[in-house]
Amino acid sequence: MTDTEIIDLFYERSEQAIDELAKKHGGAVERVAWNILGNEQDVEECVNDTWLGAWNAIPPARPSPLRTFVCKIAHNLATRRYHANTAQKRNSRYDLALDELEESLAGVGSAEESWEAKELAAAINGFMATLRYTDRVLFTRRYWYADSVQDIAALVESTPNSVTVRLFRLREKLKRYLEKEGWPA
């Protein structure tokens, strides 16, 4: 079933819409939630909440692409749950990705606060537009989807060491770009 047909089911308020959405994009939603939460029960709740979020948002929204839309819902829900679960503790996988990125965003608050700032998001989008496709994939997979370096290396058919070096260089490039755009160092 196509994304358009799934969205049409949402507009008809057919419960089949959730089933079809889960069949087509459930794996991506689960992966986003798992990479952030790393706990089966939390992931299951996040996925279910994602389907509810999609149900409540469509209509009036007619998202395109649908996969990105539901992954964004999952990411936001998982991040909120992550913060609630780890208010006083650390989750090594997600914190590691945020810590890596935070070094490039020094002086603008924590990575979580920075991502929510519209001005910084616009600057980062501008930076992303300057990157080659493979570098955008690396950056997005690591810092949005929180994929492990090993998973990214397998995706791009490279070694984990090579991916680590490329990510380091991308963070340095981001830092220089943000400084050029007037963000504090």
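Here's a short tour of this predicted model, starting with the whole chain and ending on one helix.

**Stop 1: the whole chain.** Show everything as a cartoon and colour by secondary structure. You'll find ten helices and zero strands, so to speak a run of α after α as you read along the sequence. Now switch on the surface: the chain exposes about 10300 Å², and carbon and sulfur atoms supply 50% of that. Of the 185 residues in the chain, 41% are buried. Among contacts with a separation of 6 or more, 63% link residues 24 or more positions apart.

**Stop 2: helix H10.** Select residues 160-180, which make up H10. How far apart are its end C-alpha atoms? They are 30 Å apart, which agrees with the 30 Å that 21 residues should span at 1.5 Å a residue.

**Stop 3: the buried residues of H10.** Next, select Val 163, Leu 167, Leu 170, Arg 171, Leu 174, Tyr 177 and Leu 178, and show their side chains; these are the buried residues of the helix. Look down the axis of H10: they fall within an arc of 125°, so they line one face of the helix. Why can residues spread along a helix share a face? An α-helix has 3.6 residues a turn, so residues three or four places apart point the same way.

**Stop 4: the other side.** Turn H10 around and pick Asn 161, Arg 169, Arg 176 and Lys 180, which are exposed there.

**Last stop: past the helix.** Finally, click on Gly 182, which follows H10. The phi of Gly 182 is positive, near 100°.

Note on methods. Residues are numbered from 1 along each chain as its sequence is written. This is a predicted model: local features need pLDDT of at least 70, side-chain atom pairs count only at pLDDT 80 or more; totals for chains, interfaces and linings use all residues. Side-chain values use heavy atoms; hydrogens and water are left out. Helices (H or I, at least four residues) and strands (E, at least two) are DSSP runs, numbered from the N terminus. The expected span of a helix is 1.5 Å times one less than its number of residues. Buried means under 20% relative accessible area, exposed over 50%, partly exposed in between (1.4 Å probe, protein chains only). The arc is that of the directions from the helix axis to the C-beta atoms. Contact means heavy atoms within 4.5 Å. Accessible areas come from the Shrake-Rupley method with a 1.4 Å probe; for residues, only the protein chains shown count as cover.
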